[in-house]
Amino acid sequence: MSELRLRFAQLADAGMMLAIYTDCAVGKEHAVPTRIEFTRRMEADMKAGLPWVVAEQEGALLGYACARRFDEKYGFYMDVEVAAYLTEDSFEYQLNGVLYTALLNLLYHQRYCGCYALVTNENESRISAYKAYGFKEFVRFSNTNFKDGRWLDTVCFHLNLQPCPEKLILPAPFGELDTRKVNEIFVRAADCSAQLN
(Lines give C-alpha, C1' and ligand atoms only; values in the text may rest on other atoms or scores of the structure.)
Protein backbone atom coordinates (compact mmCIF):
# COMPACT_ATOMS: atom_id res chain seq x y z
CA MET A 1 0.00 0.00 0.00
CA SER A 2 1.35 3.42 -0.92
CA GLU A 3 2.13 6.04 1.69
CA LEU A 4 -0.34 8.60 2.92
CA ARG A 5 0.35 12.10 1.61
CA LEU A 6 -0.79 15.39 3.12
CA ARG A 7 -0.88 18.61 1.13
CA PHE A 8 -2.74 21.90 0.89
CA ALA A 9 -6.07 21.59 -0.90
CA GLN A 10 -6.52 23.08 -4.34
CA LEU A 11 -9.72 24.37 -5.91
CA ALA A 12 -9.54 21.44 -8.35
CA ASP A 13 -10.16 19.15 -5.33
CA ALA A 14 -13.55 20.77 -4.64
CA GLY A 15 -15.64 18.03 -6.29
CA MET A 16 -14.10 15.18 -4.30
CA MET A 17 -14.09 17.23 -1.10
CA LEU A 18 -17.76 18.14 -1.54
CA ALA A 19 -18.63 14.45 -1.91
CA ILE A 20 -16.87 13.74 1.40
CA TYR A 21 -18.57 16.73 3.05
CA THR A 22 -21.99 15.62 1.80
CA ASP A 23 -21.58 12.21 3.44
CA CYS A 24 -20.28 13.63 6.73
CA ALA A 25 -22.24 16.83 7.29
CA VAL A 26 -25.81 15.53 7.28
CA GLY A 27 -27.78 17.82 9.55
CA LYS A 28 -25.06 20.47 9.69
CA GLU A 29 -26.70 22.46 6.92
CA HIS A 30 -30.29 22.63 5.70
CA ALA A 31 -29.16 21.88 2.17
CA VAL A 32 -25.95 20.50 0.72
CA PRO A 33 -24.02 23.33 -0.95
CA THR A 34 -23.56 23.26 -4.69
CA ARG A 35 -20.08 22.72 -6.04
CA ILE A 36 -19.97 26.42 -6.98
CA GLU A 37 -20.86 27.45 -3.41
CA PHE A 38 -18.45 24.93 -1.88
CA THR A 39 -15.64 26.19 -4.14
CA ARG A 40 -16.51 29.78 -3.21
CA ARG A 41 -16.14 28.90 0.49
CA MET A 42 -12.77 27.27 -0.11
CA GLU A 43 -11.55 30.20 -2.15
CA ALA A 44 -12.69 32.76 0.44
CA ASP A 45 -10.94 30.92 3.28
CA MET A 46 -7.75 30.46 1.27
CA LYS A 47 -7.71 34.14 0.30
CA ALA A 48 -8.06 34.94 4.00
CA GLY A 49 -4.90 32.88 4.61
CA LEU A 50 -6.67 29.93 6.25
CA PRO A 51 -5.43 26.42 5.44
CA TRP A 52 -7.43 23.52 4.01
CA VAL A 53 -5.44 20.27 4.14
CA VAL A 54 -6.19 17.04 2.26
CA ALA A 55 -5.01 13.48 2.87
CA GLU A 56 -4.60 11.33 -0.21
CA GLN A 57 -3.38 7.86 -1.06
CA GLU A 58 -2.84 6.48 -4.56
CA GLY A 59 -4.52 9.58 -5.98
CA ALA A 60 -7.69 9.15 -3.93
CA LEU A 61 -8.78 11.77 -1.41
CA LEU A 62 -9.43 10.14 1.97
CA GLY A 63 -10.39 13.25 3.88
CA TYR A 64 -9.65 16.88 4.61
CA ALA A 65 -9.43 19.36 7.46
CA CYS A 66 -10.10 23.07 7.26
CA ALA A 67 -9.95 26.25 9.29
CA ARG A 68 -12.41 29.12 9.01
CA ARG A 69 -12.84 32.44 10.80
CA PHE A 70 -14.77 31.71 13.98
CA ASP A 71 -17.00 34.75 13.52
CA GLU A 72 -16.76 37.32 10.76
CA LYS A 73 -18.78 39.94 12.63
CA TYR A 74 -16.60 40.25 15.72
CA GLY A 75 -12.93 40.67 16.53
CA PHE A 76 -11.93 37.02 16.60
CA TYR A 77 -8.70 37.83 14.76
CA MET A 78 -6.68 35.21 16.60
CA ASP A 79 -9.28 32.43 16.64
CA VAL A 80 -10.51 29.93 14.07
CA GLU A 81 -13.11 27.20 13.78
CA VAL A 82 -11.70 23.83 12.71
CA ALA A 83 -13.30 20.72 11.26
CA ALA A 84 -12.27 17.48 9.58
CA TYR A 85 -14.25 15.28 7.21
CA LEU A 86 -13.34 11.74 6.19
CA THR A 87 -14.48 9.04 3.80
CA GLU A 88 -16.01 6.09 5.58
CA ASP A 89 -13.06 3.84 4.68
CA SER A 90 -10.47 6.23 6.09
CA PHE A 91 -11.61 5.89 9.72
CA GLU A 92 -9.56 2.70 10.00
CA TYR A 93 -6.39 4.72 9.34
CA GLN A 94 -7.05 7.13 12.24
CA LEU A 95 -6.96 9.99 9.74
CA ASN A 96 -8.99 12.28 11.96
CA GLY A 97 -6.00 12.59 14.30
CA VAL A 98 -3.54 12.84 11.42
CA LEU A 99 -5.43 15.72 9.80
CA TYR A 100 -5.94 17.55 13.08
CA THR A 101 -2.25 17.12 13.97
CA ALA A 102 -1.26 18.80 10.70
CA LEU A 103 -3.91 21.51 10.81
CA LEU A 104 -3.33 22.53 14.44
CA ASN A 105 0.43 22.68 13.90
CA LEU A 106 -0.03 24.91 10.86
CA LEU A 107 -2.35 27.22 12.79
CA TYR A 108 0.15 27.40 15.65
CA HIS A 109 2.90 28.49 13.26
CA GLN A 110 0.53 31.02 11.72
CA ARG A 111 0.29 32.56 15.24
CA TYR A 112 -3.37 31.71 15.89
CA CYS A 113 -4.17 31.54 19.59
CA GLY A 114 -7.42 29.60 19.84
CA CYS A 115 -9.44 27.00 17.96
CA TYR A 116 -13.13 26.25 18.26
CA ALA A 117 -14.94 23.13 17.09
CA LEU A 118 -18.70 22.57 16.92
CA VAL A 119 -20.36 19.17 17.24
CA THR A 120 -23.81 17.81 18.07
CA ASN A 121 -24.22 16.45 21.59
CA GLU A 122 -24.93 12.90 20.37
CA ASN A 123 -21.72 12.59 18.32
CA GLU A 124 -19.81 10.77 21.04
CA SER A 125 -16.92 9.64 18.82
CA ARG A 126 -16.16 13.20 17.72
CA ILE A 127 -16.57 14.55 21.25
CA SER A 128 -14.12 11.92 22.52
CA ALA A 129 -11.70 12.81 19.73
CA TYR A 130 -11.79 16.54 20.55
CA LYS A 131 -11.16 15.78 24.21
CA ALA A 132 -8.21 13.58 23.24
CA TYR A 133 -6.72 16.49 21.24
CA GLY A 134 -6.99 18.72 24.34
CA PHE A 135 -10.18 20.61 23.46
CA LYS A 136 -12.40 21.60 26.42
CA GLU A 137 -16.15 22.06 26.31
CA PHE A 138 -16.73 25.81 26.19
CA VAL A 139 -20.47 26.30 25.78
CA ARG A 140 -23.55 24.31 24.82
CA PHE A 141 -26.29 25.74 22.59
CA SER A 142 -29.63 24.05 23.22
CA ASN A 143 -31.87 22.79 20.41
CA THR A 144 -29.86 24.24 17.54
CA ASN A 145 -29.66 21.26 15.18
CA PHE A 146 -32.72 19.45 13.81
CA LYS A 147 -31.87 15.91 12.74
CA ASP A 148 -33.95 12.77 12.24
CA GLY A 149 -37.10 14.48 13.49
CA ARG A 150 -35.65 15.80 16.76
CA TRP A 151 -33.64 18.68 18.12
CA LEU A 152 -30.02 18.25 19.21
CA ASP A 153 -27.69 20.55 21.13
CA THR A 154 -24.55 21.98 19.58
CA VAL A 155 -21.48 21.72 21.79
CA CYS A 156 -18.69 24.22 21.26
CA PHE A 157 -15.19 23.04 22.19
CA HIS A 158 -12.12 25.28 22.58
CA LEU A 159 -8.40 24.60 22.38
CA ASN A 160 -5.80 27.17 23.37
CA LEU A 161 -2.90 26.87 20.91
CA GLN A 162 -0.72 29.49 22.57
CA PRO A 163 -1.04 32.64 24.70
CA CYS A 164 -2.30 35.71 22.86
CA PRO A 165 0.34 38.41 22.33
CA GLU A 166 0.25 41.59 24.41
CA LYS A 167 -0.14 43.57 21.18
CA LEU A 168 -2.21 42.46 18.23
CA ILE A 169 0.00 40.75 15.64
CA LEU A 170 -2.23 39.32 12.95
CA PRO A 171 -1.69 35.69 11.98
CA ALA A 172 0.43 34.95 8.93
CA PRO A 173 -1.35 33.57 5.84
CA PHE A 174 -0.57 29.88 5.34
CA GLY A 175 1.11 30.74 2.02
CA GLU A 176 3.76 32.72 3.90
CA LEU A 177 4.85 29.81 6.10
CA ASP A 178 8.31 28.39 5.53
CA THR A 179 7.98 25.60 2.95
CA ARG A 180 10.40 23.35 4.82
CA LYS A 181 8.40 23.76 8.04
CA VAL A 182 5.14 22.96 6.21
CA ASN A 183 6.66 19.83 4.64
CA GLU A 184 7.97 18.76 8.05
CA ILE A 185 4.49 19.20 9.59
CA PHE A 186 2.87 17.17 6.80
CA VAL A 187 5.44 14.36 6.94
CA ARG A 188 5.31 14.05 10.74
CA ALA A 189 1.50 14.01 10.76
CA ALA A 190 1.36 11.42 7.95
CA ASP A 191 3.85 9.26 9.87
CA CYS A 192 1.30 9.08 12.69
CA SER A 193 -0.98 7.01 10.46
CA ALA A 194 1.79 4.47 9.87
CA GLN A 195 2.38 4.16 13.61
CA LEU A 196 -1.34 3.69 14.30
CA ASN A 197 -1.98 0.94 11.74
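## A tour from one salt bridge outward

Start by selecting Arg5 and Glu56: their side chains meet in a salt bridge, with 2.3 Å from N to O. Keep in mind as you click around that this is a predicted model. Arg5 sits in strand E1 and Glu56 in strand E2, so this pair ties together parts that are 51 residues apart in sequence. Now colour the two by accessibility. Arg5 comes out as partly exposed, at 45% relative accessibility, while Glu56 is buried, with a relative accessible area of 11%.

Next, add Arg7 and Asp13 to the selection. Together with Arg5 and Glu56 they are joined into one network by salt bridges that share partners. If you run a search over the whole structure, eleven salt bridges turn up. We'll visit a couple of others later.

Time to switch to cartoon view and look at the sheet. How many strands form it, and in what order? There are seven, making an open sheet that reads E1-E2-E3-E4-E5-E7-E6, with mixed pairing. Select residues 5-8 for strand E1 and 136-147 for strand E6: these stand at the edges with a single partner strand each, so one side of each is left without a neighbour in the sheet. Going from one strand to the next, the twist averages 25 degrees.

Zoom in on residues 52-57 and 60-69. These are strands E2 and E3, and they pair in the antiparallel sense over six bridges. For a landmark within the pair, pick Val53 and look across to E3: the residue standing opposite is Ala65.

Now bring in the helices. Helix H2, residues 35-47, packs on the sheet and touches E2 and E3. The direction of H2 makes about 120 degrees with that of E2. Then show residues 14-24, which are helix H1: this one lies across E2, E3 and strand E4 (79-86), and runs at about 80 degrees to E3.

Stay with helix H2 and select Glu37 and Arg41. They form a salt bridge whose closest N and O atoms are 3.1 Å apart. Where do the two sit relative to each other along helix H2? They are four residues apart, which puts about one helical turn between them. Is Arg41 buried or exposed? Arg41 is buried, with a relative accessible area of 14%. Its partner Glu37 is partly exposed, at 25%.

Further along in H2, pick Asp45 and then Arg68. Here is another salt bridge, with 2.7 Å between the closest N and O atoms. Asp45 belongs to helix H2 and Arg68 to strand E3, so the pair ties together parts that are 23 residues apart in sequence. Asp45 counts as buried, at 5% relative accessibility; Arg68, at 31%, counts as partly exposed.

For the last stop, follow the chain out of E3 into the loop between E3 and E4, where you'll find Gly75. Gly75 is exposed, with a relative accessible area of 53%. To finish, draw a distance line from the C-alpha of Gly75 to the C-alpha of Phe146. The label should read 29 Å, for two residues that are 71 apart along the chain. Phe146 also brings you back to edge strand E6, which spans 136-147.

Notes: Residues are numbered from 1 along each chain as its sequence is written. This is a predicted model: local features need pLDDT of at least 70, side-chain atom pairs count only at pLDDT 80 or more; totals for chains, interfaces and linings use all residues. Side-chain values use heavy atoms; hydrogens and water are left out. Two strands pair if DSSP finds at least two bridges between them. Axes are lines fitted to C-alpha atoms, for helices over the stretch in contact, and angles run from 0 to 180 degrees between N-to-C directions. Contact means heavy atoms within 4.5 Å. A salt bridge is a side-chain nitrogen of Lys or Arg within 4 Å of a carboxyl oxygen of Asp or Glu. Buried means under 20% relative accessible area, exposed over 50%, partly exposed in between (1.4 Å probe, protein chains only).
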